[in-house]
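This report is meant for a reader who meets the structure for the first time. It goes from the whole chain to its cores and then to a few single residues.

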Amino acid sequence: MRTLVHISDLHFGRVDPALIMPLIERIDAIAPDVVVVSGDLTQRARSAQFKAARAFLDALPSPQIVVPGNHDIPLHNVLDRFVRPLDKYRRHITDDLEPTYIDAEIAVLGVNTTRSATIKDGRINAGQIARLALRLQQAGADAIKIVVTHHPFDLPAHHGERDLVGRASLAMRMFADSGVAVLLAGHLHASHAGDTAVRYRLGDYSALAVQAGTATSTRGRGEANSFNVIRIAAPCITVERHAWIEDRAIFECAKRQVFERLGGGWSVTGTG
């Protein structure tokens, strides 16, 4: 079995400081095999915000798969936005925009979906898809393949199509050919786990799309701060949402779903 912690949308520069140490302690107690961070580490891509995010990441277990979000590109400095959009991210967080972790049971691969030409939307291009396909080939035949992006490939209810990553359909066809099982994303500040088969008709293929809410930002959009714990024990994948309980000042498991691949989709076979 493998355990992943999936956190997203930290937004250092606009965090609730009361959450930081309880979050670190909770993740440390879970003792994950991999920590995944699906973007928006900062609020406005400022150096001090990246340094705070770096200190936070240093307090978490390793290995880590980290990808940038649209907030990690400067908004108001036009020169930096278009000439060196991820310079501070590369300097303080990681120079690797296609991070990879592979072991005997899982393969976790990150992709940068941020773009300078748009304020909040993202996309994946043909070159990234081709390189990702080659990286997925490095995984063993029995490994559960997991792709991490900031912008989502599927959506919870009540979200518009514009929230999808651009060229999602092109990437999904490659995911089907490569046997990608799980898609992890953030961006929406909304927790969700569901099957991609409804949106994408790709024969008997579907992936389990898991959204993380915001772990630390004050911009909760009506949802408590939270993060995901994903436990992989083939053929089942368990997704837990650990939410902030303010009156107790702790993160606690608030929802648990057990998914199993049955036929052409993922079915919930247990809840808690």
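Two residues are said here to be in contact, or to touch, when heavy atoms of the two lie within 4.5 Å. With that meaning, Q49 touches F12, G13, T42, Q43 and R44, if residues up to four places away in sequence are not counted. The model in which these contacts are found is a predicted one.

**The chain as a whole**

The protein chain holds six helices and 13 strands. Its radius of gyration is 17 Å, close to the 19 Å that the globule rule gives for 272 residues, so the chain is as compact as a globular protein of that length. Taken along the principal axes, the C-alpha atoms fill a box of roughly 50 × 45 × 35 Å. Of the 272 residues, 56% count as buried, and among the contacts with a separation of 6 or more, 71% are between residues 24 or more positions apart. The chain exposes about 11300 Å², of which carbon and sulfur atoms supply 50%. As for charge, there are 31 positive and 29 negative side chains, and the centres of these two sets lie 7 Å apart.

**The nonpolar cores**

In soluble globular proteins, nonpolar side chains tend to be buried together. In this model, the largest nonpolar core has 30 residues, and those with the most contacts inside it are I7, L41, F56 and F227. At least two residues of this core come from each of β1 (2–7), α1 (20–30), β2 (34–38), α2 (47–58) and β10 (226–233), while the largest share, five residues, is supplied by α1. Apart from this core lies another, of 27 residues, with L109, A143, M172 and Y200 among them.

F227 shows how far the contacts of one core residue reach along the sequence: beyond its neighbours up to four places away, F227 touches V5, H6, I7, L23, R26, I27, I30, E240, R241, H242 and F251.

Which residues of α1 are buried? They are I20, P22, L23, I24, I27 and I30, and they pack against β1, β2, α2, β10, β11 (236–245) and β12 (250–262). Just after this helix, A31 takes a positive phi of about 55 degrees.

**Three residues compared by accessibility**

The table sets out three residues by their relative accessible area, where a value under 20% counts as buried and one over 50% as exposed.

| Residue | Relative accessible area | Class |
|---|---|---|
| I146 | 1% | buried |
| Q49 | 10% | buried |
| R44 | 28% | partly exposed |

I146 is found in strand β6 (residues 144–148), and, leaving aside its neighbours within four places in sequence, I146 is in contact with L4, I106, A107, V108, L109, V182, L184 and I232. One of these partners, V108, stands 38 residues from I146 along the chain, yet the C-alpha atoms of the two are separated by 4.7 Å.

Q49 has its place in helix α2, and R44, which is among the residues that Q49 touches, is found in the loop between β2 and α2. F12 is likewise touched by Q49, and the C-alpha atoms of R44 and F12, which are 32 residues apart along the chain, are separated by 8.5 Å. Q49 counts as buried because its relative accessible area of 10% is under the 20% limit, whereas R44, at 28%, is partly exposed.

How values were computed. Residues are numbered from 1 along each chain as its sequence is written. This is a predicted model: local features need pLDDT of at least 70, side-chain atom pairs count only at pLDDT 80 or more; totals for chains, interfaces and linings use all residues. Side-chain values use heavy atoms; hydrogens and water are left out. Helices (H or I, at least four residues) and strands (E, at least two) are DSSP runs, numbered from the N terminus. The radius of gyration is taken over C-alpha atoms; the globule rule is 2.2 Å times the number of residues to the power 0.38. Buried means under 20% relative accessible area, exposed over 50%, partly exposed in between (1.4 Å probe, protein chains only). Accessible areas come from the Shrake-Rupley method with a 1.4 Å probe; for residues, only the protein chains shown count as cover. Lys and Arg count as positive and Asp and Glu as negative; His and the chain ends are not counted. The place of a charge is taken as NZ of Lys, CZ of Arg, CG of Asp or CD of Glu. A nonpolar core is a set of buried Ala, Val, Leu, Ile, Met, Phe, Trp, Tyr and Cys residues joined through side-chain atoms within 4.5 Å.
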